[in-house]
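Work through the exercises below with the model open. Each task is followed by a solution in steps.

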Amino acid sequence: MARMLAVLLLLAAHAATSASAGVTSPYRRSLLMLPDMPLDADVFRAPEGDNAPEQVHITQGDLTGRAMTISWATPKHPGSNVVRYGLSADNLNLTAEGTVQRYTWGGTYQSPYIHHATLTGLEHSTVYHYAVGHGYTVRSFSFKTPPKPGPDVPIKFGLIGDLGQTFHSNDTLSHYEANGGDAVLFIGDLSYADDHPGHDNRRWDSWARFVERSVAYQPWIWTAGNHEIDYAPEIGETVPFKPFTNRYPTPFRAANSTEPLWYSVRMGSAHVIMLSSYSSYGKYMPQWTWLQDELATRVDRAATPWLIVCVHTPWYNTNDYHYMEGETMRVQFERWLVDAKVDLVLSGHVHSYERTHRISNVVFDIDNGKAAPQINASAPVYVNIGDGGNTEGLANSFRSPQPEYSAFREASYGHATLDIKNRTHAYYEWHRNQDGVKVVADKAWFTNRYYLPTNTN
């Protein structure tokens, strides 16, 4: 009996040590910065044909997935605003009429004709075929609607942030396509057009052609990052987020939001909240009021148990790059997220990868001096996935020693997936680009904070 007790104590000690020991990966990706792929690269090539629709992308068009918004651009003429769609490619018997718009930039650039049309009344878990470009060159695609929200409905998300349009970006997208998912949660910083002189908006066009191979076939759910702000008064551009909001609609009205930069969707067993790091979030401001109401009245963990928050600037980050930039937002909202038992917070901005344990810093005040984050079973896991591959390079300056709350960190390019199995378990993987597409560099099983709040993941 004494021997068995000793073995059990040894195993318990080992488990405790494993749970708290953080890993700073010894793997080192070359820090050589690469420029964006040239504008004549194959992945940016415009489709052939007269006024052919291009830059096709889709996103969820309502709260629960029975609507899908189709967006595309035409280069020469507005053409047709109509999307034809149906249950088979040879019987597109339904139509949806959209809108068309253009915008100018910096006095020299004029966008192509940008179309948006929302398909409504769709059935869940159903493949739809659709076509755009009628009257000129017709291009055809398909997508599968997300499953009906429910507590045990599986769904797999791709997690990508800070993608850009370098050769590394192409690797990231190729690896994600090989691993697959039902939808992408995109954590901000799309095209990095603002890294070019005059915020060269041709780079918005090239980026949209580049990612079309994925986002025309499955919904990407958008979070806005700092590279979407595009505030450039020196060239007369003083409306923040102008290219982004013209090109990438979100279903914010369906989520009772007043602005397209913060909203929510329900997909399978997940309730996903998108926040804006670069919009006002002070007390009683619209984003503050919306999030308070969202968590209090619209989140139903019995129906959609997995609660995920996407925000571009990380609240926890052990890299010197952008260190503590998210602190004011964390102080404003962390207590709400812990009280709501959020499962996962996804961020980008820092161009490296990091996963934390479940931690919070809600007990700190100026009297008790408890400033270090503490393990908290009610708190989220924080994942920084700002490693998509943009031209600014990797953030490789991790703070030392590694804080106990940091579980795994590495300065490499890659993507992650979150495979929600049921109401209690989800399997998470991170893949670095330099490995084979099926190689997993970091992984974890997450247990749901509502139905199975274990003391670990």
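**Exercise 1.** Which side chain meets that of Lys-76 in a salt bridge?

*Solution.* Start with the ground rules. This is a predicted model, where local features need pLDDT of at least 70, side-chain atom pairs count only at pLDDT 80 or more, and totals for chains, interfaces and linings use all residues. Residues are numbered from 1 along each chain as its sequence is written, and side-chain values use heavy atoms, with hydrogens and water left out.

Step 1. Apply the criterion: a side-chain nitrogen of Lys or Arg within 4 Å of a carboxyl oxygen of Asp or Glu. The partner is Asp-50, at 3.8 Å from N to O.

Step 2. Place both residues. Helices (H or I, at least four residues) and strands (E, at least two) are DSSP runs, numbered from the N terminus. Lys-76 sits in the loop between β3 (68–74) and β4 (82–86), and Asp-50 in the loop between β1 (23–24) and β2 (54–60), so the bridge ties together parts 26 residues apart in sequence.

Step 3. Check accessibility. Buried means under 20% relative accessible area, exposed over 50%, partly exposed in between (1.4 Å probe, protein chains only). Asp-50 is partly exposed at 41%.

Step 4. Count. The whole structure holds 21 salt bridges.

**Exercise 2.** Characterise the salt bridges of Lys-242 and Glu-327.

*Solution.* Step 1. Lys-242 pairs with Glu-237; their closest N and O atoms are 3.1 Å apart. Lys-242 is buried at 18%. Glu-237 is buried at 7%.

Step 2. Glu-327 pairs with Arg-330 at 2.6 Å between the closest N and O atoms. Both lie in helix α6 (residues 327–339), three residues apart, about one turn of the helix. Glu-327 is partly exposed at 22%, while Arg-330 is buried at 6%.

**Exercise 3.** Work out the strand order of the six-stranded open sheet and place its helices.

*Solution.* Step 1. The order is β14-β13-β12-β23-β24-β25, with mixed pairing. Two strands pair if DSSP finds at least two bridges between them.

Step 2. Find the edges. β14 (220–222) and β25 (442–447) each pair on one side only.

Step 3. Inspect one pair. β24 (residues 425–432) and β25 run antiparallel over six bridges. Tyr-428 stands opposite Ala-444 in β25.

Step 4. Add the helices. Axes are lines fitted to C-alpha atoms, for helices over the stretch in contact (heavy atoms within 4.5 Å). Angles run from 0 to 180 degrees between N-to-C directions. Helix α2 (residues 167–179) lies across strands including β12 (155–160) and β23 (414–420), at about 25° to β23. Helix α3 (residues 202–215) lies across β13 and β14, at about 130° to β14.
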